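Visitor: I'd like to learn how to read a model like this one. Could you take me through it step by step?

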Amino acid sequence: MTALAGAKDTEMVEKHKSASPDRVIDIEKLSLTFETNDGPVHALSDIDLKIEQGDFVSFIGPSGCGKTTLLRVIADLEKPTAGSITVNGVSPEEARLNRAYGYVFQAAALYSWRTIAGNVALPLEIMGLSRSERQQRVARNLELVNLSGFEKKYPWQLSGGMQQRASIARALAVEPDLLLMDEPFGALDEIVRDHLNEQLLQLWAKTSKTVAFVTHSIPEAVFLSTKIVVLCPRPGRIYDVIESDLPRDRTLDIRESPEFLKIAHRVREGLKAGHSYED
Amino acid sequence: MSTRSLSKSRLDIPALLAWLIVALVIVGLFSPIFRPDFGVMDVPRLSLCLVILAIAAVRYELGFMRNRFGDLMLGFVTAFAAWLLIGTVSNHPGDAALGFWALTAAAWASAWLFVERLASWKNSSKSAARLINLAIPALFGITLLALWQIVVTGAGVPKVLLPAPSEIWLRLIGSVPTLWADFRQTFLKAVLAGYAIGCGSAFLTAVLVDRVPFLRRGLLPIGNLVSALPIIGVAPIMVMWFGFDWPSKAAVVIIMTFFPMLVNTVAGLSASDTMQRDLMRTYASGYWHTLVKLRLPMAMPFIFNALKINSTLALIGAIVAEFFGTPTVGMGFRISTEVGRMNVDMVWAEIAVAAVAGSLFYGLIALLERAVTFWHPSVRGR
Amino acid sequence: MTSNTFAPTRSLNPFAGLMSGTAGPVIVVVLAIIGAWYIGSVSLNTPFQLDTYERADRTDVPFSELLSDTLSQERPVLPAPHQIAVEIWETTAEKKITSKRSLIYHSGITLSSALLGFLIGTTLGILLAIGIIHSRVLEKSLMPWIIASQTIPILAIAPMIIVVLNAVGVSGLLPKAMISTYLSFFPVAVGMVKGLRSPEVIDMDLMHTYSANRLQTFWKLRLPYAVPFLFTSMKIGMAAALVGAIVGELPTGAVAGLGARLLSGSYYGQTLQIWSALIMAAFVAGSLVALIGLVEKLALQRMGMTR
C-alpha cells in the first residue's frame, strides 16, 4: 500500500531547487497561447514540471489538454509564449541543434522511397556520420527493436506495428539520452500495443534513457511510467502528478495487481475531476 | 473491383451480337454484293467469308465449344473474314453494295464478340491478365484500321478526303528520307532542346520561388493563369525574334513547357506533410538536407506529371510554330505545304510519325516515372 | 540557470497584412513584369532606332529622345505595354463591331467556333464516359486509346481537317469547331470517367442495400460525385478548345479570327497586331476559364460541397 505515497500532494513539484546535473527537463511557469480567428486559445497554462535522468514520464489527459503541445515545446517544435524551459540545462532550440532527443510521432512517418535501413540512417546522414558508423548504428538499433533482417524492405511492405518499431529505431539511432514519444502506439491494435509496450520497457531498462511519453490510455501510462502527469483542458494545465512505485522491471501481469489498479484508479479520478471542472 | 460486381449487366450482349451476325449474314446472302451486278455467289472468297462467319455465330448460339479454344477460333475466323473482305474490295473499289456492307458489319460484330469473350476470361496469373489487357485495345485498334481500309476502299472515298491505311503506309515507307529529315529538324532539335531547357529552367525557378514565400504567393496565381492561356500564339513573335530555323521553335517549346513545370514543382515541393517536416526539424536538418532528402522525393510524382504533360505540349508547340515559317524542312512545314498540294497521304504519314514519336516520348517518361516513384501508392500496386 | 522567455510578436507594419495575402505579391510581381517589359522594349528596339538615326545622319541624339523613340516605333521588335494597350483600345472601342479591323469581331469569330466545339466535345466526352463506366469491353478497348491519344500532337491534324473539309464544301464555323471538339473531348472524357468512378465502395454498397438500379445509382450517387471532376476537366477543355480554334485559323489563309490576325501580322511584320491579338486571346481564355470557375463555385455551393 505504499503506492499512494503523497497521493493528495498535487503541488508536489519542487519549485526553487536549482538545476541539478541529472535534471533533464526543467519547466517553470510555462504558458502557450495560440492566436486564432476565434480569439486566443490557452493550450498550456502555468506548467511546472521537472524530469530527472532515467525517468519514464507519461502525459495523460483528454484531447485538447495540451499534452502533445507540451511535448512539442520540449522538442522546440512550438515556442512557449511565457515562462521558461530548459532541456539538458540549455534552451530547447540548443538541445535540438545538439540532437539531444529522439522524437517518435503518432504515425511512423517513414519515407516510402527509402528502405527500412535507409530510414533509420536518415538522421545519421543529416548529422554527417561516416558510412561505416551509420551502418553500425542502423544494425544495432534495428536489432534493438527486433527488426533485423528487414533492412532491405520498404515501409509499405511492413505491418503497422513493424513500421512503428522502425520509427523507434530511427529515433534511437541518434543515440539520445532523451526519448520523446507522442502517442506512438495510438494507431495500433491492443495486442500489438501490449507487445510493443513490453519491448519498450525492456529497451528503457537496457539503455537507461529518459522517456517522455504522451498517451490517452490509462493502462499504458500506468504500466510504463515512473511518473504520470495528468493534464486537463481549457486551459491546458497539470492537474495531478503521480509518482509510481511499481518495480522497475515489470511484466504485463502486473496489470492485475492491486498496486497497479490503485494507481490506475487515481489517474482515472484525476481525469474525471479535470473533465468536470470544465463544465 | 467490388463496385462493379454489384452492377451486373442484365443484357446478354454476346448473344445479341451472335444473332446480329446471323441476321447480317442472311442480308448478305440475298443482297447485291458489288455494283453493277454481283451476288455473293459470284465472288467465291466472299462466299467463304459468309459461310465461316455464319458457322462461327451459330456455333456460339448453340453453346458449342464455349471455351477458350472456341473463342480463339472465333478470333481466327474474324481475322480471316476481314482479310477476305479487304482482299476482295480492293478489286472492286467504290462498288460496294448493301450485301458487302452487311458482311463488313457482320465481321465487325464478330470482332466485338471476340473481344467480349476475351474480356470475360478469368485469369489466375497476373502476366496473362496483363497480356489480355494489352491485347484488347490492340484488337480494337486493328479493327478500326481494318474498318477504315474496307470502308474507304469500298465506298470509294476520294483520296483527298481520306486515304486508306494501305496508301498511307506505302507513302510512309516510300518517303523515309524526307520523314527522317523532318523528324530530325522538329523533334531531335527543336522539341528536345526546348523541352530540356523549358523544364530545367522551370524546375530551378520553382526551387527559388519556393525558397521565397513572397514570390510563391505572387507567382503561383500568375503561373496558374498562364497555364490556361493559348501560349501557342507567341509562335509568330518567336519566329520574328529568333529566325526561321529551329531555335525559334525551341523558344516556343520553352515558353509552353515552363509554366506547367513551374506550377507542378511548386505544388510538389509543398506536398510533404507537417509531421514529416517536424521530423526533419527534430534532426536539426538544414534547408538543403530537407530539400534533397524529403521534399524533392515527395515532389517527384508532381514533377513527372508535368514532364508528361509537357512531352505532348512540346511536340504540339514545335509543329504549330513551324506553320509560321521554317526552312524547307520540318514536320509542321511538311504538313502545311502538303496540305496545300492536296497530298493528303503524305500529311497522314507525317501525322503517323508524329503520333509514334509523341507516344514513345510519353511512354519513355512514364517508364522513368515508374522507376523513380516506385514507392508511390499509384505505382507500387501495379 | 538558462531561461528562455518568449514574447508574442506582432508586426506594426501596415503593409504586412496586404503582403501576407495573395493580392499584394501578385500586384508586385505583375508590376515587376511590366517594368521588365519596358526595359526589354527599350533595349530590343534600340538597335533599329540607332540605325534610323545613322541613316538620317544624326549623331548624339539625347538619351531621352532615344527612349521615347524606342517606345513609339511603328513596328517595334518588342512593343511596349502602353502601345499594345492603345492598339487594343483603337481596335475594340473605336471600331464598329462589324468592321474587319475590329478585334472584337475577330475574337467573336474565334470564340463562336471554340464555344461550339467545346459544347459538342463536352457532351461527347460525358456520353463516352457514361458508356465506359457501364461496359467493361468499352473500357478495356477505349480507355487505353483515349489516354494514348493525348500523347499524340492532335493539333497537327488541324490544317488538314480545315483544308479537306473546305475541299468538300464544308467551310465556316464547323471545321474549326471540329478541331475544338476533338481537343476538348479528351480531357472531359478522362475526367468524367475518373469522377463517375470516384464513389467509394461503401457508397456503392449503400445504394446496393437500397436495391437501387443503375439509373438511380447514376443520378443519386455517381453524377453528384463527378461534378467537381467535370468542372476541372471543363476548364482544361475550354482552354484546349480555344487553342484549337486559333490554330484552326492558321493554315487556310483565313481572313477572320484571332489566329488569322496572328498569321497576317507575322506576314507583314505587324508586331503590334500580333501582340494585341495575343493579349486578346489570353483575355478571352482567362475570362472563359474564370466563368467556368464561377459556375463551379456556385454549383458546388448549392450542392454543399464547399464551405
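Visitor: What does pLDDT do over residues 1-19 of chain A?

Guide: First the idea: pLDDT is the predictor's confidence in each residue, from 0 to 100. Over residues 1-19 of chain A, pLDDT stays under 50. For that stretch the model has 25 contacts beyond four places in sequence; two residues are in contact if their C-beta atoms, placed from the backbone, lie within 7 Å. This is a predicted model, where local features need pLDDT of at least 70, side-chain atom pairs count only at pLDDT 80 or more, and totals for chains, interfaces and linings use all residues. Residues are numbered from 1 along each chain as its sequence is written, while chains are lettered from A and ligands numbered from 1 in the order in which they are written.

Visitor: And what is the mean pLDDT of chain A?

Guide: The mean is 80, and 90% of the residues of chain A reach 70 or more. You can also go element by element: helices (H or I, at least four residues) and strands (E, at least two) are DSSP runs, numbered from the N terminus. Among the elements of chain A, strand β7 (residues 210-215) has the highest mean pLDDT, 90, and helix α8 (residues 258-278) the lowest, 76.

Visitor: How do I read two packed helices?

Guide: Two packed helices are described by the angle between their axes and the distance between the axes. Axes are lines fitted to C-alpha atoms, for helices over the stretch in contact, and angles run from 0 to 180 degrees between N-to-C directions. Try chain B: helix α3 (residues 44-62) and helix α4 (residues 68-89) pack at about 155°, with axes 9 Å apart.

Visitor: Why are α3(B) and α4(B) called roughly antiparallel?

Guide: Angles under 35 degrees count as roughly parallel, over 145 as roughly antiparallel, 65 to 115 as roughly perpendicular and the rest as oblique. With their angle of about 155°, α3(B) and α4(B) are therefore roughly antiparallel. Their crossing is left-handed (the near helix is turned anticlockwise from the far one by less than a right angle; clockwise would be right-handed). Residues making the contact include Leu46(B) and Ile52(B) of α3(B), and Phe80(B) and Leu84(B) of α4(B).

Visitor: What classes of residue does that contact have?

Guide: Ala, Val, Leu, Ile, Met, Phe, Trp, Tyr, Cys and Pro count as nonpolar, Asp, Glu, Lys and Arg as charged, and the others, Gly among them, as polar. The contact of α3(B) with α4(B) has 12 nonpolar, 2 polar and 1 charged residues.

Visitor: How do α13(B) and α14(B) pack?

Guide: Their angle is about 50° and their axes are 7 Å apart, so α13(B) and α14(B) are oblique to each other. The crossing here is right-handed. Among the residues that meet are Ile319(B) in α13(B) and Phe333(B) in α14(B).

Visitor: How many residues of chain B are in contact with chain A?

Guide: 14 residues of chain B touch 17 residues of chain A. The largest share of chain B's side, 6 residues, comes from α12(B). By class, that side has 6 nonpolar, 4 polar and 4 charged residues.

Visitor: What about chain C and chain B?

Guide: There, 50 residues of chain C are in contact with 50 residues of chain B. Chain C's side divides into 37 nonpolar, 9 polar and 4 charged.

Visitor: Which domains does chain B have?

Guide: Domain bounds come from an automatic or database domain assignment. Chain B is divided into domain 1 (11-157) and domain 2 (172-380), with C-alpha centres 42 Å apart.
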